[in-house]
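When a structure is new to you, it helps to have one element to start from and to move outward from there. Please keep the sequence and the model side by side while reading.

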Amino acid sequence: MAEWHVMWVPDPDRLGALPPEGVLGVQDLPAAVARIGLRPGDPVFVPPDGTVDPGLLEFVLSSGFQRLDREAKRNYATDIRPLLTFLSSRGVPFGDRPGDPDNVVCFPGS
């Protein structure tokens, strides 16, 4: 079965030495990640095809998700991953959900 994966944006001191030629064609990976708006501890959802899911990236960058503490983000992402894998195993792309994606998940105080 093709699994979804969750990668975590590391703390800056955990990146280690980056090669001078860059990573994946990006010369300054930490700056590129920061430009996207991701913060240390943020999840990045990777479907079985190995790309970054743009809809879930938008979800992670939403103000409601960004207000969560690091542990709550980890809990949400860890809980969502099996659902994504299940949908994928049934041939149902996550992006094919009906309705407004802003109404799929509600956060306290949002």
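The paragraphs below begin with one helix and then turn to its surroundings.

The model is a predicted one, and a good place to enter it is helix 4, which covers residues 70-89. At 1.5 Å a residue, the 20 residues of this helix should span 28 Å, and since its end C-alpha atoms are 29 Å apart, the expected and the computed span agree. At the start of helix 4, a side-chain oxygen of Asp69 comes to within 3.2 Å of the backbone nitrogen of Glu71, while just after the helix Gly91 adopts a positive phi of about 75 degrees.

Which residues of helix 4 are buried? They are Lys73, Ala77, Ile80, Leu84 and Thr85. An α-helix has 3.6 residues a turn, so residues three or four places apart point the same way. The buried residues of helix 4 pack against strand 1 (5-8) and strand 2 (43-46), and also against helix 2 (54-61) and helix 3 (63-66).

One of those buried residues, Lys73, leads to Asp42, because a polar contact of 2.7 Å joins the side chains of Asp42 and Lys73. Asp42 lies in the loop between helix 1 (29-36) and strand 2, and it counts as buried because its relative accessibility is 0%. A second polar contact, of 3.1 Å, joins the side chain of Asp42 to that of Gln66. Leaving aside residues up to four places away in sequence, Asp42 touches Met7, Trp8, Val9, Gly37 and Val60 as well as Gln66 and Lys73. Trp8, which is among these neighbours, also has the charged end of Arg74 sitting over its ring, 4.1 Å from the ring centre.

From here the view can widen to the nonpolar interior. The largest nonpolar core has 15 residues, of which Phe45, Leu56, Phe59, Val60 and Leu84 touch the most other members. Strand 2, helix 2 and helix 4 each contribute at least two residues to this core.

Phe59 also belongs to an aromatic cluster, which Phe59, Phe65 and Tyr76 form together. How many aromatic pairs does a search of the whole structure find? The search finds two. In one of them, Phe59 and Phe65 are tilted, with 5.0 Å from centre to centre and 50 degrees between the planes. Phe59 counts as buried at 15% relative accessibility, and Phe65 counts as buried at 0%. The rings of Phe65 and Tyr76 have their centres 6.2 Å apart and their planes at 65 degrees, so this pair is edge-to-face. Because Phe65 lies in helix 3 and Tyr76 in helix 4, the pair ties together parts that are 11 residues apart in sequence. Tyr76 itself is partly exposed, with a relative accessible area of 27%.

A last stop is Ile36, which has its place in helix 1 and counts as partly exposed at 46% relative accessibility. Not counting residues up to four places away in sequence, Ile36 touches Leu57 and Leu61. Ile36 and Leu61 are 25 residues apart in sequence, yet their C-alpha atoms are 8.6 Å apart in space.

How values were computed:
Residues numbered from 1 in each chain as written. Predicted model: local features only at pLDDT ≥ 70, side-chain atom pairs only at ≥ 80, totals over all residues. Heavy atoms only, no water. Helix = DSSP H or I, 4+ residues; strand = E, 2+ residues; numbered from the N terminus. Expected span 1.5 Å × (residues − 1). Buried < 20%, exposed > 50% of the residue type's maximum accessible area, 1.4 Å probe, protein only. Contact = heavy atoms within 4.5 Å. Polar contact = N/O pair within 3.5 Å; in protein donor to acceptor, adjacent residues only side chain to side chain. Core = buried A, V, L, I, M, F, W, Y, C linked by side-chain atoms within 4.5 Å. Phe/Tyr/Trp six-rings, centres within 6.5 Å; stacked < 30°, edge-to-face > 60°. Lys NZ or Arg CZ within 6 Å of the ring centre and 35° of its normal.
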